[in-house]
Amino acid sequence: MGVDGTGLMIERAAAHIPVMRDEAIAGLAMRPHGRYLDGTFGRGGHARAILDCLDQAGRLLLMDRDPQAIAEAQRALAADPRVSVRHGNFAEAAQWNEVHDLDGALLDLGVSSPQLDDPARGFSFQSDAPLDMRMDTTTGESAAEFLARADETEIADVLWRYGEERMSRRIARVIVSQRTESPIRSTRGLAELVERAIGRRERNKHPATRTFQGLRIHINDELGSLDRGLRAISAALKPGGRLVVISFHSLEDRIVKNFIRGEQPVATRRGLPPPQAVQPPLRAVGRAHFPSDAETAANPRARSAVLRIAEKQA
Ligand SMILES: C[S@@+](CC[C@H](N)C(=O)[O-])C[C@H]1O[C@@H](n2cnc3c(N)ncnc32)[C@H](O)[C@@H]1O
């Protein structure tokens with residue numbers, strides 16, 4: 001392999017620092033011969049820490065919707081007889097026949113450093129690249145395709161709801177008028193367009209940050225996947241099994257917190273009578289955990305992390 005592109009890619013691929021790793025492992029209350037699911041393999045920082053706690057009878061099931069993450073899982077860990085690897089969305093975890101009687105499951109949400117740092121993935125406007133943003137590059141619509149086809153209201157809604165962008169309508173109007181002249185295909189092109197539309201309002205934040213967040217969440221159906229994934233995975237936990245979820249923004253954390261409390265999302269409740277009091281499948285273990293100052297100083301991407309732990313009720 002030498003110093004070729006593949007070698008460099010693997011070296012860079014290793015550069016995801018797992019967030020709140022020790023807290024996640026403590027939250028899983030690891031049983032050495034237990035059966036665990038890591039639904040967001042990324043580059044395997046948490047997965048390796050889970051494996052270190054397992055004996056030869058333990059099992060670790062690994063999923064990721066990103067084919068590059070799965071290639072790395074295959075390369076690094078699939079030879080271990082305790083490990084199984086599957087490409088896919090954790091929302092569909094129930095379709096994997098190995099996902100049952102889990103002692104624990106971990107979801108470390110959002111994007112990985114290799115996804116953010118590889119310009120070709122189109123998640124970041126730090127460099128110019130095709131505007132893709134799909135975690136699973138084998139399926140679905142890219143951000144460029146969405147911006148070429150959606151109407152102004154749909155674009156504005158995505159930026160408002162998932163990017164929490166107050167200027168969503170103005171940005172959507174400029175996108176729709178610009179695309180009649182030339183398609184919006186690149187990360188830089190979109191970032192410059194947003195800056196022209198709303199100017200620079202915050203000192204330490206590029207004006208396109210919220211637009212990129214909103215598009216990413218929409219393109220990957222991140223909140224819908226989380227909702228479906230929590231149901232599927234909690235159903236597969238054994239009584240006493242642990243669920244640990246690390247979220248990176250308030251929209252995700254609200255879904256996790258409400259799910260653990262047994263509250264249905266508002267969207268599925270609208271128009272229905274008030275829900276009957278039923279025992280939620282999970283109980284919260286302690287309060288939310290946040291990274292220490294030392295961790296955020298060493299890894300600024302941990303800054304907005306919130307970790308929650310829950311246990312399956314008997
Ligand atoms: C923050 S990284 C995980 C990092 C990992 N814990 C580590 O230590 O290397 C998030 C990963 O989850 C994956 N992902 C996000 N949502 C997913 C979903 N719904 N199903 C499967 N994988 C998902 C992303 O592709 C990304 O690789």
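## Exercises: Met133 and the ligand

Met133 is in contact with Arg121, Gly122, Phe123, Ala143, Phe212, Leu215, Arg216, Ile219 and Asn220, leaving aside residues up to four places away in sequence. Keep in mind that this is a predicted model.

**Exercise 1.** Find where Met133 sits, and decide: is Met133 buried or exposed?

*Solution.* Start with the chain: Met133 belongs to the loop between α5 (113–117) and α6 (143–149). Next, look at its accessibility. The cut-off for buried is under 20% relative accessible area. Met133 has 0% relative accessibility, so Met133 counts as buried.

**Exercise 2.** Take one partner of Met133, Leu215. How many residues apart in sequence are Met133 and Leu215, and how far apart in space?

*Solution.* Along the sequence, 82 residues separate the two. In space, their C-alpha atoms are 8.0 Å apart. Leu215 is also among the residues that Met133 touches.

**Exercise 3.** Now turn to the ligand. Which residues around the ligand come nearest, and how does the shell divide by residue type?

*Solution.* There are 24 residues around the ligand, and His46, Asp64, Asn89, Phe90 and Asp108 come nearest. By type, the shell has six nonpolar, 13 polar and five charged residues.

**Exercise 4.** Which polar atoms of Asp108, Phe90 and Phe41 lie by the ligand?

*Solution.* Take the residues one by one. Asp108 places a polar side-chain atom 2.7 Å from a nitrogen atom of the ligand. Phe90 has a backbone N or O atom 2.9 Å from a ligand nitrogen atom. For Phe41, a polar backbone atom is 3.4 Å from an oxygen atom of the ligand. To finish, consider cover: on its own the ligand has 610 Å² of accessible area, and the protein covers 98% of it.

Terms used. Residues are numbered from 1 along each chain as its sequence is written. This is a predicted model: local features need pLDDT of at least 70, side-chain atom pairs count only at pLDDT 80 or more; totals for chains, interfaces and linings use all residues. Side-chain values use heavy atoms; hydrogens and water are left out. A residue is near a molecule or strand if one of its heavy atoms lies within 4 Å of it. A polar contact is a pair of N or O atoms within 3.5 Å; within protein, one must be able to donate a hydrogen and the other to accept it, and residues adjacent in sequence count only if both atoms are side-chain atoms. Accessible areas come from the Shrake-Rupley method with a 1.4 Å probe; for residues, only the protein chains shown count as cover. Ala, Val, Leu, Ile, Met, Phe, Trp, Tyr, Cys and Pro count as nonpolar, Asp, Glu, Lys and Arg as charged, and the others, Gly among them, as polar. Helices (H or I, at least four residues) and strands (E, at least two) are DSSP runs, numbered from the N terminus. Buried means under 20% relative accessible area, exposed over 50%, partly exposed in between (1.4 Å probe, protein chains only). Contact means heavy atoms within 4.5 Å.
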